[in-house]
Amino acid sequence: MARSSSAPASTQSPKRVLPSILIGLGVFLLVVAILIPLYTVGRLEKTPLDLEITTVATGTGSVLDSRSLSAGPARVDENVPLVSQRFVTTEEPSDSDRITVQAGSTLRRTDRQGDTGLLTAVVDRVTIDRVSSMPVDPVGSIQSQADQPATEVPHTGLQYKFPFDAQKQTYPFFDTVARKSFDMTFVEETQIEGVTVYHYTQTIPAQDLSQVVASPTNKLALPASTWGVEGGDQTITMTRFYENTRDIYVEPTTGVIVKGQEDVHQYYARRAGTPEVDVIRAPIAFDDNTVEYQLGRARDGMDQIALIGRTIPIVAGVVGLISLILGLVLLLRGGRGTGRPATATGPAPDAPTQAYDARGTDGPGHDWTTDRTEEIPRTNLRKD
């Protein structure tokens, strides 16, 4: 009677599959480790399109009581509490390469209520490159008078943030009062609450504001007695000048301005650099809450860039290298263990099965490396 038999399905040994999987995984992870910093980090190093930032700066200084100019003599109030607020939002046009920023800024004296305490109000609009933070088309605008529309003003420098990977160098920095840029010079590397920052400073020499904005308050003709200078009833024309020293602290990886302070001085004078009646003179600096908020923004940006640009590639590279080496080792070991190709997958039908003693000397596939040396039994030569 014929025996029925069926050939087993051909399957590849797991010992051969595993090295291939490990080698493929290793190569994949090494490629990932190389490509992530090249292509992904660049997408993170762009100014977000959903900006909505409020900064607050405070100070105490001298402020001209503008009402005194109509009655004379001019009176300058001392030790006036001041607060400067700036609200930054994103507007159109904004896309993958550029972002339009609109910033509304006010300066108030907090010892007076409502509009009587408002000293200045400015709406600034600029379109910047999302990586370099430098201005691009279209031309920006500034509105500084409530009864006048915004005026087109070319912006020529940094303003609300520095470029990613900021350097220890001089940058042009735009001033909305003077409406032009001045050098912002690197001073030192320092730390704020454990975060490394770059300190930059900018000095703005006396600027004739009557040449910047055609406002009647930027050039006034009043009696000398009103100005509080010699001349009695003689009419004296004075011009409004502006000077400033600005210090900012930038987290260099993200370009976030963590801390800022200004020493603002506006005054009336007949000659630049010779103040006669102060309009405002005060140091104004970010308050603690603003510094903490800006530090948080900088830390978040740094963490994202470090995770994608350094941590993930390092982990992927290490795991990939280990996987590749392990796969190659297993592949080489498997190759040495199969030097003699198999001729059959099992015993032929009707063939007798040969049995071997576990202690035999020539069993197929016998592994001698695991055997222990045994004593050779002695032959009994004596006959009973």
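This is a short talk on one predicted protein model, going through its confidence, its cores, its aromatic rings and a few single residues.

Hi everyone, and thanks for coming. Let me begin with how far the prediction can be trusted. The average pLDDT for the protein is 83, and 75% of the residues reach at least 70. Over residues 341-349, though, the pLDDT is below 50, and that stretch has one contact in the model beyond near neighbours in sequence. Residues 351-361 also stay under 50. For them the model has seven contacts beyond four places in sequence. I will leave both stretches aside from here on.

Now to the inside. In soluble globular proteins, nonpolar side chains tend to be buried together. Here, the largest nonpolar core has 24 residues, and the ones touching the most other members are L82, I192 and V258. Which elements build this core? At least two residues each come from strands 1, 2, 8, 9, 11, 12 and 13, and from helix 5, which covers residues 288-336. Strand 13 gives the largest share, four residues. There is also a second, separate core of 12 residues, with L69, I236, M238 and V277 among them.

If you have the structure open, click on I192. Leaving out residues up to four places away in sequence, I192 touches V197, Y249, V258, K259, V291 and L295.

Next, please find strand 7, residues 171-175. Is this strand enclosed or not? Four of its five residues are buried, so strand 7 is largely enclosed by the rest of the structure. Its partner is strand 8, residues 180-192; the two run antiparallel and share five bridges. One of the bridge partners to look for is F182 in strand 8, which sits across from F173. The two strands make a hairpin with four residues between them, and in that turn R179 has a positive phi of about 60°.

That brings me to the aromatic rings, my favourite part. The model has eight aromatic pairs. Take F162 and Y171: the ring centres are 5.2 Å apart and the planes meet at 75°, so this pair counts as edge-to-face. Both of these residues are buried. F162 also pairs with Y200, with centres 4.8 Å apart and planes at 35°, so that pair is tilted. Why does this second pair tie together separate parts of the chain? F162 is in the loop between strand 6 and strand 7 while Y200 is in strand 9, so the pair joins parts that are 38 residues apart in sequence. Like F162, Y200 is buried. Zoom out a little and you will see a cluster: ring pairs link F162, Y171, F173, F186, Y198 and Y200.

The same loop holds F164. F164 is buried, with a relative accessible area of 13%. Its C-alpha atom is 7.8 Å from that of K46, although the two residues are 118 residues apart along the chain.

Last stop: an arginine. R109 belongs to strand 3, residues 98-109. Is R109 buried or exposed? Its relative accessible area is 3%, and anything under 20% counts as buried, so R109 is buried. The R109 side chain makes a polar contact with the side chain of D111, at 2.9 Å. Beyond four places in sequence, R109 touches V63, D77, V80, P81, L82, G117 and L119. You may recall L82 from the largest core, as one of the residues touching the most other members.

That is my tour, and I am happy to take questions.

Methods: Residues numbered from 1 in each chain as written. Predicted model: local features only at pLDDT ≥ 70, side-chain atom pairs only at ≥ 80, totals over all residues. Heavy atoms only, no water. Buried < 20%, exposed > 50% of the residue type's maximum accessible area, 1.4 Å probe, protein only. Pairing = 2+ DSSP bridges. Polar contact = N/O pair within 3.5 Å; in protein donor to acceptor, adjacent residues only side chain to side chain. Contact = heavy atoms within 4.5 Å. Core = buried A, V, L, I, M, F, W, Y, C linked by side-chain atoms within 4.5 Å. pLDDT = per-residue confidence, 0-100. Phe/Tyr/Trp six-rings, centres within 6.5 Å; stacked < 30°, edge-to-face > 60°.
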